[in-house]
Amino acid sequence: MDAGRDEEAASAAEPLLAASRPQRSHAADVHVLSAAFLFVFSAYGAAQNLQSTVNTEGDLGTVSMGVLYTSFTLFAVAASPVVRWLGPSRALVVGTSGYLLFILANLVPTWYTMVPASLYLGFTASIIWVGQGTYLTSAALSHARDNSLPEGPTLGSFNGEFWGVFASTQVIGNLISLALLRNGKDGGSVTGKNLLFVVFLGCMIIGIVLMCLLSKRDEKRDNASTHSSFGAMLKYIVAPLKDRRMILLIPLIAYSGLQQAFVWAVFTKSIVTPVLGISGVGGAMAIYGASDVVCSLVAGRFTSGLHSATFIVSVGAILQAAVLFWLLLLYSPMEGVLGAAVPLFIGALWGVGDGVLNTQLSALLGLLFEDVKEAAFAQLKVWQSGAIAVIFFLSPSITLQAMLILMATFLFISFGSFLLLTLVVEKPSTIRA
């Protein structure tokens with residue numbers, strides 16, 4: 001009898017002991033998440049930057065990236081229920097597998113390896129990015145509630161840290177590329193390229209291990225009731241599109257994808273390579289990434305809501321507009337030190353705009369669409385990746401001038417739509433899934 005009572009007492013005490021165990025703080029979870037993305041995207045980001053200049057036979061690299069982001073767009077539509085089913089922490093681990101396969105495919109780059117790997121990466125990328133947005137927003141809001149802090153600045157601070165670390169992947173990955181592809185304008189030997197992708201493979205493995213260390217977030221998920229039918233799932237996915245704030249935000253989301261792809265597919269090939277060669281792509285993108293890092297951290301600290309975001313986005317939009325008109329009307333390649341410095345300066349200015357858009361869009365989606373955040377971040381990736389795919393498919397067939405006109409036109413449309421958003425009352429979303 002005494003033994004039975006002792007067992008019952010021990011069983012009753014287990015929940016109390018579990019509750020009393022020290023839990024990793026929400027901020028620490030963001031540190032681990034940021035570190036995992038640092039390793040994964042230091043490798044992937046640098047590999048992506050090189051696709052249009054390394055895998056050039058039949059435009060294999062550019063076409064592969066177009067296939068990747070088309071796949072990303074299609075799968076992102078349904079990524080939110082997958083993330084809700086897996087949970088954001090598991091989704092992040094599953095999502096990393098596609099990046100690992102893509103790096104392996106680059107060790108043997110053919111149509112039979114790159115295209116299937118790109119298709120699969122599009123699927124897993126949709127999962128990892130919806131999972132990232134959901135996980136980070138959940139951590140920030142939990143941190144704000146537990147410490148009685150305002151949600152807006154907390155979201156801005158957490159997003160600033162993540163996107164600052166994420167932007168540094170452009171510095172680290174591209175400095176590795178610069179070191180291993182240093183043999184002038186031919187981009188180095190085949191051995192150097194293979195060594196580069198082996199190093200990237202090692203980074204991927206470390207990133208996956210860190211993803212496995214993430215704490216599970218309490219998302220209060222009930223899969224059976226949330227998506228009891230296809231109609232219920234579809235209703236949840238499109239819920240953000242019923243809010244006029246999302247409709248006004250979509251053009252800016254799409255432009256954020258356009259300006260990222262412009263750097264990867266056009267800036268590296270048409271601005272950097274003619275002046276600095278393939279080996280110079282790493283250095284130019286490292287400068288771009290460093291600027292992105294600083295801007296992400298600063299912008300995150302100053303974010304408090306829609307009105308502060310309006311000012312910050314305005315600064316980034318003005319700088320990118322200035323770069324576009326400079327390239328369209330005044331720029332021509334030059335020799336010497338000044339000629340080499342110009343692409344680096346352009347990369348630094350462009351990085352400011354990218355840092356602004358990443359931090360502000362993520363913070364605003366988390367703040368305005370807290371109740372349907374998985375679906376909101378899925379919409380972010382649908383429109384962003386669709387725009388990226390457009391650039392990768394268009395870039396081989398249109399001139400630099402035409403691309404610059406396209407970018408400038410869409411910048412003005414998207415910025416005008418965003419300014420209209422500031423006229424909408426700033427309040428939490430009232431949508432319920």
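This section describes the helices of a predicted model and a few individual residues within it.

The protein is helical. Its secondary structure comes to 16 helices and 0 strands. Of its 433 residues, 58% count as buried. Among contacts with a separation of 6 or more, 85% join residues 24 or more positions apart.

Helix H11 spans residues 244-276 and has 33 residues. From its first C-alpha to its last, H11 reaches 45 Å. That is close to the 48 Å expected at 1.5 Å a residue. H11 is not straight throughout: it bends by about 60 degrees at phenylalanine 267. Burial is extensive, with 27 of the 33 residues of H11 buried, so the helix is largely enclosed by the rest of the structure. Glycine 277 follows H11. The phi of glycine 277 is positive, near 80 degrees.

Helices H3 (residues 60-76) and H6 (residues 111-146) form a crossing pair. Their axes come within 7 Å. The crossing angle is roughly 35 degrees, and the crossing is right-handed. On the H3 side, the contact involves Leu60, Val63, Ser64, Val67, Leu68, Ser71, Phe72, Phe75 and Ala76. These meet a set of H6 residues that includes Trp111, Met114, Val115, Leu119, Phe123 and Trp129. Smaller side chains also take part from H6, among them Ser118, Ala125 and Ser126, as does Gly122. By class, the residues of this contact divide into 15 nonpolar, 5 polar and no charged. An α-helix has 3.6 residues a turn, so residues three or four places apart point the same way.

H6 also holds threonine 137. Threonine 137 has a relative accessible area of 2% and is therefore buried, the cut-off being under 20%. Beyond its neighbours within four places in sequence, threonine 137 is in contact with Leu155, Gly366, Lys373 and Phe377.

Serine 148 lies in the loop between H6 and helix H7 (151-180). Its relative accessible area is 68%, so serine 148 is exposed, the cut-off being over 50%. The backbone of serine 148 also stands out. Most residues other than glycine have a negative phi. In serine 148, phi is positive, near 55 degrees, although the residue is not glycine. Threonine 137 in H6 is thus buried, whereas serine 148 in the loop after H6 is exposed.

Technical notes: Residues are numbered from 1 along each chain as its sequence is written. This is a predicted model: local features need pLDDT of at least 70, side-chain atom pairs count only at pLDDT 80 or more; totals for chains, interfaces and linings use all residues. Side-chain values use heavy atoms; hydrogens and water are left out. Helices (H or I, at least four residues) and strands (E, at least two) are DSSP runs, numbered from the N terminus. The expected span of a helix is 1.5 Å times one less than its number of residues. The bend at a residue is the angle between axes fitted to the seven residues ending there and the seven starting there. Buried means under 20% relative accessible area, exposed over 50%, partly exposed in between (1.4 Å probe, protein chains only). Axes are lines fitted to C-alpha atoms, for helices over the stretch in contact, and angles run from 0 to 180 degrees between N-to-C directions. A crossing is left-handed if the near helix is turned anticlockwise from the far one by less than a right angle, and right-handed if clockwise. Contact means heavy atoms within 4.5 Å. Ala, Val, Leu, Ile, Met, Phe, Trp, Tyr, Cys and Pro count as nonpolar, Asp, Glu, Lys and Arg as charged, and the others, Gly among them, as polar.
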